[in-house]
Amino acid sequence: MQYQIQPLKEFLVRPALPAPLGRLLEIGYNLIWSWDHTLRALFRRLDPVLWKECNHNPIELLGRITQEKLNRAAADPRFLLLYKRACERHDSYLHASIPSDTTPRIAYFSMEYGLLDCMQIYSGGLGILSGDHLKAASDGDFALTGVGLLYQRGYLQQYLNPDGWQQERMPLNDFYTLPIRPCVDERGTEVVVSVQLPTGELFIKVWQIAAGRVTLYLLDTNIPQNHMPENQASEHREITDQLYGGDIHKRIRQEIVLGIGGLRALKKLGVQPTVHHMNEGHSAFLAIERIRVLMSEHGLSFEQALEVTRAGNVFTTHTSVPAGIDLFDSSLVYDYFQAYCREANFPFEKFLALGRKNLEDIGERFSMAVLALKTSSLRNAVSVLHRAVSQEMFQDLWPKLPVEEVPITSVTNGVHAPSWINGDLSALYDQYLQPDWRERLEDGQMWELVHEIPAEELWEMHRKRKRRLVAFVRERAMAAAVRRKASTGEQRRLSEVLDPDVFTIGFARRFATYKRATLLFHDVERLKRILNNSRMPVQIVIAGKAHPKDQPGKTLIHDIVALSRDPDISKRLVFVEDYGIQVARELVQGVDLWLNNPRRGEEACGTSGMKASMNGVLSLSVLDGWFDEAFELSGGWAIGDRAPYSEDQDDLHASSIYSTLEYEILPLFYQNQDADEDIPTEWVRRMKTCIANLTPRFGCGRMLAEYMSELYQPAHNAWLKVSTNNFEEARQKTIWDSRVHQAWNSVRFLEVGEGTADQVLNGAPVPVRALVELAGLSPSDVRVEAVVGAIGVNGRLENTFTLPLVPGEARGTAVLYSNEFTAQPTGRVGYSVRISPNHFENPLTRPCNTVLKWVSD
């Protein structure tokens, strides 16, 4: 065994920057440069080759660049002018307003963040969205703080073996060469918090990343304080070792660190959020920690603390199928939380019930999504279609409530436009849009100016990006071939793959089977004819990773790579290894058509097509996720219709892709190819339509504005309301709950209806009345509603709306509730009546397991 030398003394060496360039490190440590072309150019100009070698990491660049080159830049008036402008842009951006007391202070918890390609702490779409969320919050000057985990190995780096099978590397992240720093207190001591595990106390170091005006705190357990007996030391230090790796014990420990450790880190740092946003259920343990703190510090009961914590919690679900939800056996949860509950002075059974749908099923596993839903007052899906999917998936939590009333709203995801719009297109916008277009990304009227960009200039910009993409793919494919010692013939083929003048399709995403990555290859012979059409040739660029344990996903990649080696199409089909932010950026900015063909209803939103659209790339997509909302505005094409997915659709959808390419898309793209101007005018018109319509609608600025108006501000207001006067409202609410609970079995409908005629004229008023026995409750204690709608062919109400009935005449302990609605449209119409406790103002904040009685019960 090789002898390991331990350092006697450790210190950090910083680059010796010349005085005229003294702020380079400061600029490098704030991620504004990652979305500001001027700031990024500053580092690239220092040493373009080294910038690329460092994977666009300014901290590593400044640590490796020679002193000679730094001194030369410091003496170059051209570089000094660029440096001066960069400092001015940096300072101007960071000039922020001071949040007022009415401004929500948001803590945003996510398991992964896709901010930089050189910082592998993300795996896919969830992480990219989280990163874009922080950037947009910074642009909008939101008082938002991010919380996540700092992974030593991050997520996999993908490479292919000679047979085309995915292999994984797990490179170590060297945090001291990344734009991230340890948090320190006022004495300069590193901030460390701890949580208790069955294996002992776990210490957690806190790091910080500056993303513009927003700070992201990341938690790290691989620290010397976690010294334990030899057989357990690695367990604690390796908790934040890898994203989505390890067994179920590692997963629950990671989620304890994120939820409980994250909340303790914020408290130690003096951050006091009014809103806690759980981005997916991974961080849901923060709710139980908030309950513990409220009980300990304010003397609240468990029920009172739950009421308080719900007020300020927001939960976003990104899952379309139950298999995507973290579930833990109750015995495992007991091992990790029985001591926690005992010390917090509440029964473990109460905690366990928060993670179960069916409280009577003792075998049901503990669900992190259910925990998040039960402990949040506001919940959202990530597209309109995903809202309907989520309402159906979680309907069990609101028994007897119609699925369309399940209180889950939707905020369709968006992407951070400055991070994804290419520099050449931005330069065009500087010429033809308003001077302040970067500050008006959601201004739809301003984006209409895109139509004034000359077609020749927009088309030449696109051709330039495609030439860049071809060069990028060739270089990357060649480098991969050399690493795996491919034959000379294989290397020669890859050096010539793709043609910048040929119509190019892009497909890049996580290789989960529901995304149907091989649908395009359903009929290989027909595809070959399309690719090799002499007048209208086609080429395909594909990228994506499969989870290390996802063998079906790996098989899809292998099949595509094998087909790419077919001599008939070997220059027309290429798989790009190690999909990440840089690969995604090159593809969405350089291809002609973005292909997206998941099973409808299983893609919660999807954002890669949004990024492509903002660069003028048209889409050919299933009407799922975001594209279900965008299709009619996009200038692109749909695969299939809005019918729910069934297995026989695979054949139909594959045929639709081929036919749409052959008869619509390719003739449009190759229009005027023999003419002098060689510009497909109709295609460019569609590009402009795509950019103008979709950029303002699917940007993160619009998304954050909706989060603020629909979720953050209401949650903030609810928190302020419930926390006043030492949480008196929550204390009174539990007393009210007890009184209603005692009377509820005796509450019932005595009479309903007014004997409405069997036929009513369109537009006529229809009265609804219900006499309700309140069993001693006051009329304001209950909510009596009529649910009105058309009667479908199955005899049930459809397309319903809710009509509140107003209390009136008292008859002993009973009260008459009444209202009326207008009969329209024509056809069979009906109504039913229900009653529930009146303990929520907004139907979207209706708690889980709210009791509900219908007149038919």
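Mentor: Before we begin, two strands count as paired if DSSP finds at least two bridges between them. The model in front of us is a predicted one. With that rule, an open sheet of 4 strands can be traced, in the order 21-22-26-25 and with antiparallel pairing.

Trainee: Which strands are at the edges of that sheet?

Mentor: Strand 21 (748-752) and strand 25 (806-811) are the edge strands, and each of them pairs on one side only. From one strand to the next, the twist averages 30°.

Trainee: And how many bridges join strand 22 to strand 26?

Mentor: There are 9 bridges between strand 22 (residues 765-773) and strand 26 (residues 814-822), and the two run antiparallel. To locate the pairing in the structure, look for Ala770, which stands opposite Tyr817 in strand 26.

Trainee: Let us change sheets. What is the strand order in the open sheet of 6 strands?

Mentor: That order is 17-16-15-18-19-20, and the pairing is parallel. Strand 17 (573-576) and strand 20 (637-639) are its edge strands, each pairing on one side only. The twist in this sheet averages 20° from one strand to the next.

Trainee: What joins strand 15 to strand 18?

Mentor: Strand 15 (residues 503-508) and strand 18 (residues 593-596) run parallel and are joined by 2 bridges. Gly506 stands opposite Trp594 in strand 18.

Trainee: Which strands does helix 23 lie across?

Mentor: Helix 23 (residues 581-590) lies across strands 15, 16, 17 and 18, and runs at about 155° to strand 16 (538-543). Helix 26 (residues 649-669) lies across strands 15, 16, 18, 19 and 20, at about 165° to strand 20.

Trainee: Stay with helix 26 for a moment. At roughly what angle do the axes of helix 26 and helix 27 cross?

Mentor: They cross at roughly 100°, and the axes come within 7 Å. Helix 26 is therefore roughly perpendicular to helix 27. The contact involves Ile665, Leu668 and Phe669 of helix 26, together with Glu682, Trp683 and Arg686 of helix 27. By class, the residues of this contact divide into 4 nonpolar, no polar and 2 charged.

Trainee: What do the buried residues of helix 21 pack against?

Mentor: They pack against strand 16 and helix 26. The buried residues of helix 21 (residues 524-531) are Arg526, Leu527, Lys528, Ile530 and Leu531.

Trainee: Now another helix pair. Why are helix 10 and helix 11 oblique to each other?

Mentor: Their axes cross at roughly 125° and come within 9 Å. An angle over 145 degrees would count as roughly antiparallel and one of 65 to 115 as roughly perpendicular, with the rest oblique, so helix 10 and helix 11 are oblique to each other. The crossing of helix 10 and helix 11 is right-handed.

Trainee: Which residues make that contact?

Mentor: Helix 10 contributes Ala287, Ile288, Arg290, Ile291, Leu294 and Met295, and helix 11 contributes Phe302, Ala305, Leu306, Val308 and Thr309. Those residues divide into 9 nonpolar, 1 polar and 1 charged.

Trainee: On to strand 10. Are its faces covered or open?

Mentor: Both faces of strand 10 (residues 313-316) are covered, with Asn313 and Phe315 buried on one side and Val314 and Thr316 buried on the other.

Trainee: What stands opposite Val314?

Mentor: His277 does. Strand 9 (residues 275-279) pairs with strand 10 in the parallel sense over 4 bridges. Strand 10 is also joined to strand 13 (residues 378-381), by 3 bridges and again running parallel. In strand 13, Val314 has Leu378 as its bridge partner.

Trainee: What do strand 3 and strand 4 form?

Mentor: They form a hairpin with 5 residues between them, and Gly164 in the turn has a positive phi of about 90°. Strand 3 (residues 157-160) and strand 4 (residues 166-169) run antiparallel and are joined by 4 bridges. Leu160 stands opposite Gln166 in strand 4.

Trainee: One last residue. Where is Leu359 found?

Mentor: Leu359 is in the loop between helix 13 (348-353) and strand 12 (366-367). Its relative accessibility is 48%, so Leu359 counts as partly exposed. Not counting residues up to four places away in sequence, Leu359 touches Ala353 and Lys374.

Trainee: And how far apart are Leu359 and Asn849?

Mentor: Leu359 and Asn849 are 10.0 Å apart in space, C-alpha to C-alpha, and 490 residues apart in sequence.

Definitions and conventions
Residues are numbered from 1 along each chain as its sequence is written. This is a predicted model: local features need pLDDT of at least 70, side-chain atom pairs count only at pLDDT 80 or more; totals for chains, interfaces and linings use all residues. Side-chain values use heavy atoms; hydrogens and water are left out. Axes are lines fitted to C-alpha atoms, for helices over the stretch in contact, and angles run from 0 to 180 degrees between N-to-C directions. Contact means heavy atoms within 4.5 Å. Angles under 35 degrees count as roughly parallel, over 145 as roughly antiparallel, 65 to 115 as roughly perpendicular and the rest as oblique. A crossing is left-handed if the near helix is turned anticlockwise from the far one by less than a right angle, and right-handed if clockwise. Ala, Val, Leu, Ile, Met, Phe, Trp, Tyr, Cys and Pro count as nonpolar, Asp, Glu, Lys and Arg as charged, and the others, Gly among them, as polar. Buried means under 20% relative accessible area, exposed over 50%, partly exposed in between (1.4 Å probe, protein chains only).
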